[in-house]
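Me: Hey, can you walk me through this one? I'm new to looking at structures.
Reply: Sure, have a look at it here and then ask away.
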Amino acid sequence: MTAIALKVEKVAVHFGGLVALSDMNFTVGEGEIVSLIGPNGAGKTTAFNVVTGFLDPTHGAVSYRGTALNGLKPHQIADLGLIRTFQRTSVFPNDTVYDNLLVGLHRRGRVSLLEAILGLPRARSSHRRLRERASELVEWVGLERRAHDLAGSLSYGEQRLVGVALALAAEPSMLLLDEPVSGMNASETHTFVQLVRNIRDRGVTILLVEHDMPMVMSVSDRIVVLNYGRIIAEGTPNVIRNDPAVIEAYLGQGATRA
Amino acid sequence: MRSGIAILTIVAFASVPLWLRDPYLMNALITTGIFIIGAMSLNLLLGFTGQLSLGHIAFFGIGAYVSALTSLGFDVGLPFGFRIVHVPWPPIVGFVLAIVVAGLCGYLVGLLSFRVRGAYFVIVTISFAEVVRLVALNWVELTQGPLALTNIPSITIGLPGLGDLTLRTKLQNYYLVLAVAVVTYVLISRLVHSHFGRAMRGLMENETLAVSVGIDVTRTLTLAAVISAGIAGAAGSLYAHYIRIIDPEVFAFINTVTMVIMVITGGKGSLAGPVVGGMIFGLLPVFLRPIMAPEAQWIAYGGVLIVILFVLPRGIVPSLALRFRKPKSRAETLAPVAFSERDAKEHA
């Protein structure tokens, strides 16, 4: 058993009277690819928002590598190496792809304000390293030909890749991907699965929310199934595929009898 | 090419006193230069973080008063029988203190308003300017109220080997303002091209995404506000020591509006924008004065503003830059389309 990276304990989120999540418990081990699935409105994105600090849970606790995340702001959680992507396309639309990645490299490029303004050698060499790293990342997601195009002018699938490259620029030790392949065609999805595996092979833990079942089944080590804000099943892709509760949630009660 | 234009511009401005002898025009150029420095500081906030400070003149005025009082000295009574007596210090110390105090005020305003931002920042800055104006008007013992602070000494700078030089003439003040403007331009340019600048830009374009890659919103915006306010304070100090008399009217709302107009017409978010917009709206009164009554002049400004924004909606500098950019690659031919789409959304 590998060490636990992310631990979600008894987390509940209420929006007024609406229970978006109730008593959610799961863990993600270091270097694992875990998927969070469930029908629309099951609470997947809410769970993401809680883990990354965009939403405070009503009850419960989240910890990452032993650090409690409660009350931390999103940028502080990002500083712990827990980086997310967004469901909707999320890029800096009026900057080039390359400049997008330079913004994403913020966590790496910290030099003091005075050094930056005076253009001291340390600031300049740091800037040079950032530019090299940005070029690497552009290649890594296969967007070299688009590097100097405005991110907003790219196709949907390409923008999603920029989103992932941006997250990678922030040097995650754990990456949370919110429906990364929605809007991608089959071949783009296939390439993306390879990319996710490559990222994991570099030692990055991955939590994935996705509707594309073939993709989830092929890439995940473990799957957590949510419905109506609670976990109804958990296990390897093979276990989940044959779990009656899961089939019921997705296809309705009639299907189990048929 | 860019640095070529910059050097050419500096040389052109530096040569002005060689052929321009008219003291009235020189005076207009100096005050315009001071306001351009203020507009550049406003542009740092408005153009690079998207936050509109509608009380920016407060930082300018605070700089003016701090600098004037430092160099004039004062003797004020405080509650519980305390008194503060300050003997005059050299104006150059006032200049530094003006930057520090204005920067601190920027920090306070930023701290108060950047947790919520947007409209709140606009309201907090307007209120702040009004409160400061009322203090300047009513704390007569310190500021002389409406009687104004008079006889403010000119700035004296110590030149190595040449002794002290007091900048009394228009010529000297012209070069002083030009030097401060150039330093300000370089400072802001370095800042927006550093990773702080990228963080600001990221926040303006997509705050949620910026936060998710580890950018601290409050810290970044507050830092921008401090630097912006500090520069405005420096401009205020130059103003006080050049005009040599200041009253609470310096805090008038119309002064902030003037700076906002300079930034918007020149092009917010472009480094040269405030300079171009500032030259137009700083010197327009000079040329309109002989042919129009003051009331008509205001209407003319409005007309010029509307025409500029109608023809060049993104402001003069960015629009021209876009027009004259040679379409070298696909990337650059694509750019104008994306920009106009965004504009269409913004104006809808």
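Me: Before we start, what's a nonpolar core?
Reply: A nonpolar core is a set of buried Ala, Val, Leu, Ile, Met, Phe, Trp, Tyr and Cys residues joined through C-beta atoms within 7 Å. Keep in mind that this is a predicted model.
Me: OK, so how many residues does the largest nonpolar core have?
Reply: It has 167 residues, and A:Leu101 and A:Ala165 make the most contacts inside it. The largest share comes from helix α10 of chain B, residues 217-243, which puts in 16 residues.
Me: What is A:Leu101 in contact with?
Reply: Not counting neighbours within four places in sequence, A:Leu101 contacts A:Ala134, A:Leu137, A:Val138, A:Ala165, A:Leu166 and A:Ala169.
Me: Switching to chain B, what's its secondary structure?
Reply: Chain B has 15 helices and 4 strands. Its radius of gyration is 21 Å, close to the 20 Å that the globule rule gives for 348 residues, so chain B is as compact as a globular protein of that length.
Me: And how much of chain B is buried?
Reply: Buried residues are 43% of its 348 residues.
Me: Now the two chains together: how many residues of each are in contact?
Reply: 32 residues of chain A touch 25 residues of chain B. On the chain A side, α2(A) gives the most, with 4 residues.
Me: What kinds of residues are on that side of chain A?
Reply: That side has 15 nonpolar, 11 polar and 6 charged residues.

Methods. Residues numbered from 1 in each chain as written. Chains lettered and ligands numbered in written order. Predicted model: local features only at pLDDT ≥ 70, side-chain atom pairs only at ≥ 80, totals over all residues. Buried ≥ 20, exposed ≤ 12 C-beta atoms within 10 Å, placed from the backbone. Helix = DSSP H or I, 4+ residues; strand = E, 2+ residues; numbered from the N terminus. Contact = placed C-beta atoms within 7 Å. Rg over C-alpha atoms; globule rule 2.2 N^0.38 Å. Nonpolar A, V, L, I, M, F, W, Y, C, P; charged D, E, K, R; others polar.
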